[in-house]
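Reader: I'd like a close look at a single part of this model, please. Choose one piece of the fold, take your time over it, and then show me what else is worth a look.

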Amino acid sequence: MGSFNIHPDFQNEFSYATSPLDPEEFRRQGHMVIDYLADYYQNIEKYPVRSQVEPNHLKSHLPDSAPYNPEPIENILRDLQKHIIPGLTHWQSPSHFALFPCATSTAGFLGEVLSTGFNVVGFNWISSPAATELENIVMDWFGKLLKLPGSFLFSGGGGGVLQGTTCEAMLSTLAAARDQMLRKIGRNNIGKLVVYLSDQAHFSFQKAAQIAGINPSNFRVISTTKDDEFSLCPNSVRSAIIADVEGGLVPLYLCATVGTTLSTAVDPLGPICNIAEEYDMWVHVDAAYAGSACICPEFRHFLDGVEGANSFSLNAHKWFFSSLDCCCLWVKDPSALIKALSTKPEILRNQATDSKQVVDYKDWQISLSRRFRALKLWLVLRSYGVVNLQKFIRGHVNMAEHFEQLVAMNKRFEIVVPRKFSLVCFRISPSAMNQNCKILSTEEDVNLINQKLVESLNASGHVYMTHGVIGGIYFIRFAIGGPLTDYRHVDMAWTLIKDHADALLKAF
Ligand code: PLP
């Protein structure tokens, strides 16, 4: 990393900034930070992918109180390199295969920089008309790319909003559904409302339901099976709903997933939405990771049936190259959101709002203040164009297919669930264990050796992977989606996996 020469202003003992936003200092320091980050990306493969520090690492390196006198950026960047970098897990590393990707890009980064640079607070249209209008436009662009039904677009009476996370999207839509239902059945009946999801749905929904005041005993987690590839079975959904109705409860909201976190299972949207419609329920489709792939025609069928849902969301910060945070939420009936989330303080009153010709996004989300997130999505869509975005996603999927073939061809390993997108779920197979052991190994032994494999791989610093457990089977998740990942990283990871597995099998 570059060395930093101290600016002459700081060579005196005391130095006072003339303004917290001096344009020339901004230019000088801004260039330094961009150079620093460009070097970081250039050298990212030199760092251990998963941070290897022990708890309280920073406490032992940084002072326990803030400096009274100013310090030059050069010193701060030097400390960043020395103390902060070792405590980072490098999510943009090409060998980060853990969880799901959180892919940035030059365009996503620059959009974020511009948004932070302007630092406007776009809670309502008048507070920065372009922030709202650009968001309206890019959400319709993106919705059209995904071939969402017209009813989810502004041009068709619905609309999209950029929120921080899926959890916020779930909470906002759940609040909308809750209030819509309570207007019909009376506020006192909140304790009767029931929500449904599969045992593979993301745990962020539980958080949303807790905050929305859903009675914890009315949280129906529907079991999935390997035979159904861990997707929701419509008959199980129907049975759960019927049992609740017979018990005097009120089915409210069903959270379906396209691309579950553990294994990228896809719930059958069409049949589920049909059942929900019979009971006047709200359906939200969470496609946090896999939704982005649906801009490619060959993956679009995973969204079939979305036309029956009330809302749909995906995280553009996962696999759409738009830096954290950027959750895209589309709703068919914005008025349901607005009724649940709007406030009308006198201090924000203005003619544009009164004219009802504008969107005031503060009424579409939980918080009041909001960032200009649309800029980064606009830059990503324009800088790469659909053609490259499809190419990036297909590239990741092809690499995953390549990795899957390597695993499938090796008798010591097995694929645990069929791959759909760019996540491969695999493990050391029980048969490989049995070949190495004198006594037949148990399922616990197989789980244990796979757990040890993940731990030893991650401790090596060369790769980072995480695990999942489904139906008692511990497996390794190999998720591809980093903006810098190439075949050589995948091949290198595979060699490493085989070597570590060999060593563990020998020692078992
Ligand atoms: N839904 C799915 C399917 C996910 O995979 C994730 C995170 O990986 C989430 C929701 C949670 O997203 P967020 O952190 O944006 O709330």
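Author: Happy to! One term before we start: a residue is called buried when its relative accessible area is under 20%, and exposed when that value is over 50%. Please also keep in mind that this is a predicted model.

Let's choose strand β2, which spans residues 193-198. Six of its six residues are buried, so by the cut-off each has under 20% relative accessible area. In a regular strand, side chains alternate between the two faces of the sheet. In β2, Leu-193, Val-195 and Leu-197 point one way, while Val-194, Tyr-196 and Ser-198 point the other way. Both sets are buried.

Now for the neighbours. β2 pairs in the parallel sense with strand β4, residues 250-257, over five bridges. It also runs parallel to strand β3, residues 219-222, with four bridges joining the two. Tyr-196 is a handy landmark here: Leu-254 stands opposite it in β4, and Arg-220 is its bridge partner in β3.

By its numbering, β2 falls within domain 2 (151-333), one of three domains in the chain, alongside domain 1 (2-87) and domain 3 (386-507). The C-alpha centres of domains 1 and 2 lie 43 Å apart.

Next, the ligand. Among the residues surrounding it are His-202, Ser-204, Gly-259, Thr-261, Asp-286 and Lys-318. By class, the shell holds three nonpolar, seven polar and two charged residues. A polar side-chain atom of Asp-286 lies 2.6 Å from a ligand nitrogen. Two ligand oxygen contacts are each listed at 2.8 Å: one to a polar side-chain atom of Thr-261, the other to a backbone N or O atom of Thr-166. Taken alone, the ligand exposes 400 Å², and the protein buries 85% of that.

Finally, some backbone details. Most residues other than glycine have a negative phi, and most peptide bonds are trans. Asp-280 has a positive phi of about 60° and sits in the loop between α8 (269-278) and β5 (282-286). With 46% relative accessibility, Asp-280 counts as partly exposed. Phe-321 also has a positive phi, near 60°, but it counts as buried because its relative accessibility is 3%. Phe-321 is in the loop between α9 and β7. That loop also holds Asp-325, which is joined to Leu-324 by a cis peptide bond with omega about 0°.

Conventions. Residues are numbered from 1 along each chain as its sequence is written. This is a predicted model: local features need pLDDT of at least 70, side-chain atom pairs count only at pLDDT 80 or more; totals for chains, interfaces and linings use all residues. Side-chain values use heavy atoms; hydrogens and water are left out. A residue is near a molecule or strand if one of its heavy atoms lies within 4 Å of it. A polar contact is a pair of N or O atoms within 3.5 Å; within protein, one must be able to donate a hydrogen and the other to accept it, and residues adjacent in sequence count only if both atoms are side-chain atoms. Accessible areas come from the Shrake-Rupley method with a 1.4 Å probe; for residues, only the protein chains shown count as cover. Ala, Val, Leu, Ile, Met, Phe, Trp, Tyr, Cys and Pro count as nonpolar, Asp, Glu, Lys and Arg as charged, and the others, Gly among them, as polar. Domain bounds come from an automatic or database domain assignment. Buried means under 20% relative accessible area, exposed over 50%, partly exposed in between (1.4 Å probe, protein chains only). Two strands pair if DSSP finds at least two bridges between them.
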